[in-house]
Amino acid sequence: MSGDGQIPGPAVKADYFERPDIGLVKLIREYIKQFGTPHLWWGHTHTKPPKGGRVTFLGKYSLPKTHRRREKWALCPCCSPATPKYFKQGLIAWFPDEGVIRCVGDQCYKTLDPEGYRIAMELLESEIAEQRSTEYLLSRLPKIPDYIRTIDANLDIVAAIDQIRRELVLNLEQRLAIDLWSELKDGMLRYVVRTPRLVQRSDGKMDVAMSSEFRDFGRVDGHIALNPAARKLALNLSHRKENLLAIYPDGDIAESLRSMTEVEKKKISKILSGCHNQCNGLLEEAEVVRRFFSRVNASTINNWVQQDGVSLRVHLKFADDGFHVGRSETGYFLIKWPDKLWHTLTRLEPLSQPMAA
Ligand SMILES: [Zn+2]
């Protein structure tokens, strides 16, 4: 039995108890684009959806230009099974409880089941956004050789930064037993100010007590250079390079994309954006670590140890031959500047996402 005699086959076509895949959705959209008649697609069920049933929207569509005149509009199983009802914004809706697909008008479905509509629409919008983001990321695959070249140009510089960070920690902690990191974990040097104040004793007489209070002395840029548990930046960077090489297709990129499943596409796009993010994060961290080695920081720390209430003894100097670390100006270890330490680090070109439509 059909809605108006023109719907092909039985009105209910309950073949879809599993979620239809993206291939079927593409096929339905193609059909609508070609013929302009969503209600005539062979898998469409032309009955009114029962109240309270679950719904998932699989995709949106509009009728082609040839079907913009009212008499050519589509019929809607929700509200208008026999007369033309809509041409703009139709929805491919899947009803898992009945195992059917209906092509419905957007606004009338909203009227029929506002809450179900809201939830299903939010999900569809987020799926569309994810799909768009995956496609965008896959379009960046040809950029991988550029990313690899940028990583290669940075690797020696980052290795030099790892080296000087390692030597700094080694000299301070092991050779000098100076724990500067404990004082600088949040980047701020503090000192103690003691102030006398009068307090009343239990026998009623007055007494002087000292109260102490921490005050900020100064910020040290690049303090994370002192972290003894820091990760090896160059090693991580080369691992990300290997990951990028692993997802770079052999041969023709367009051809490999055509042969990928949706799951593979999602996975590859996630690896690409993850690696890209991490590479720039590692380069950012290297840049910050390197900033620790400065005249300003050396002088801030040297002045800080002079303050009352600071018990640490350390003296740092930024010199032509390298960084001097010691307990005082007279006795120090020299950490030579590694080759390429001060060469320019270059970030990977931004992997910007397209604007949401
Ligand atoms: Zn309707």
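**Note on the predicted model: helices, cores and domains**

1. In this predicted model, helix α8 has a long list of residues to check, for its buried residues are Ile268, Ser269, Leu272, Cys275, His276, Cys279, Leu282, Leu283, Ala286, Val289 and Arg290. These buried residues of α8 pack against α3, α4 and α6. The helix has 30 residues and should span 44 Å at 1.5 Å a residue, and its end C-alpha atoms are indeed 44 Å apart, which agrees.

2. One of the partners of α8 is α6, a helix of 15 residues covering positions 233–247, whose first and last C-alpha atoms are 22 Å apart, close to the 21 Å expected at 1.5 Å a residue. Its buried residues are Leu233, Leu237, Arg240, Lys241 and Leu244, and because they fall within an arc of 105 degrees when seen down the axis of α6, they line one face of the helix. The face turned away from that buried side carries the exposed residues Glu242 and Ala246. On the buried side, the residues of α6 pack against α4 (144–175) and α8 (262–291).

3. The largest nonpolar core has 38 residues, and those with the most contacts inside it are Val158, Ile161, Leu168, Cys279 and Ala286. At least two residues of this core come from each of α4, α5 (180–184), α6, α8, α9 (295–304) and β7 (322–326), with α4 giving the most, 10 residues. Leu168, one of the residues with the most contacts inside the core, touches Ala225, Leu226, Val325 and Ile335, when residues up to four places away in sequence are not counted.

4. There is also a second, separate core, which has 25 residues and includes Cys76, Cys78, Ile92 and Val104. A reader going through the structure may wish to look at the two cores in turn, and then at the division of the chain, which is taken up next.

5. The protein chain is divided into domain 1, residues 22–137, and domain 2, which is made of residues 140–177 together with residues 231–336. The C-alpha centres of these two domains lie 51 Å apart. For the chain as a whole, the C-alpha atoms fill a box of roughly 100 × 75 × 35 Å, taken along the principal axes.

6. The secondary structure of the protein chain comes to 9 helices and 8 strands. The radius of gyration is 34 Å, well over the 21 Å that the globule rule gives for 357 residues, so the chain is more spread out than a compact globule. Of these 357 residues, 26% count as buried. Among the contacts with a separation of 6 or more, 72% are accounted for by residues 24 or more positions apart.

7. Two helix residues show how positions apart in sequence are placed in space. Arg29, found in helix α1 (residues 22–35), is partly exposed, with 18 other C-beta atoms within 10 Å. Its C-alpha atom is separated by 6.7 Å from that of Tyr61, 32 residues apart along the chain, and Arg29 touches both Gly59 and Tyr61 when residues up to four places away in sequence are left out. Glu122, for its part, has its place in helix α3 (residues 114–139) and counts as exposed, because it has 11 C-beta neighbours inside 10 Å. Glu122 and Phe57 are 65 residues apart in sequence and 9.5 Å apart in space, C-alpha to C-alpha.

8. Two backbone angles deserve a look. Most residues other than glycine have a negative phi. Gln89, however, has a phi near 45 degrees, a positive value in a residue other than glycine; its place is in the loop between β1 (56–61) and β2 (90–95), and with 12 C-beta neighbours inside 10 Å it counts as exposed. Ala177 likewise has a positive phi, near 50 degrees, in a residue other than glycine; this residue is in the loop between α4 and α5, and with 8 C-beta neighbours inside 10 Å it counts as exposed.

Definitions and conventions: Residues are numbered from 1 along each chain as its sequence is written. This is a predicted model: local features need pLDDT of at least 70, side-chain atom pairs count only at pLDDT 80 or more; totals for chains, interfaces and linings use all residues. Helices (H or I, at least four residues) and strands (E, at least two) are DSSP runs, numbered from the N terminus. The radius of gyration is taken over C-alpha atoms; the globule rule is 2.2 Å times the number of residues to the power 0.38. A residue is buried if 20 or more other C-beta atoms lie within 10 Å of its own, exposed if 12 or fewer, and partly exposed in between; C-beta atoms are placed from the backbone. Two residues are in contact if their C-beta atoms, placed from the backbone, lie within 7 Å. The expected span of a helix is 1.5 Å times one less than its number of residues. The arc is that of the directions from the helix axis to the C-beta atoms. A nonpolar core is a set of buried Ala, Val, Leu, Ile, Met, Phe, Trp, Tyr and Cys residues joined through C-beta atoms within 7 Å. Domain bounds come from an automatic or database domain assignment.
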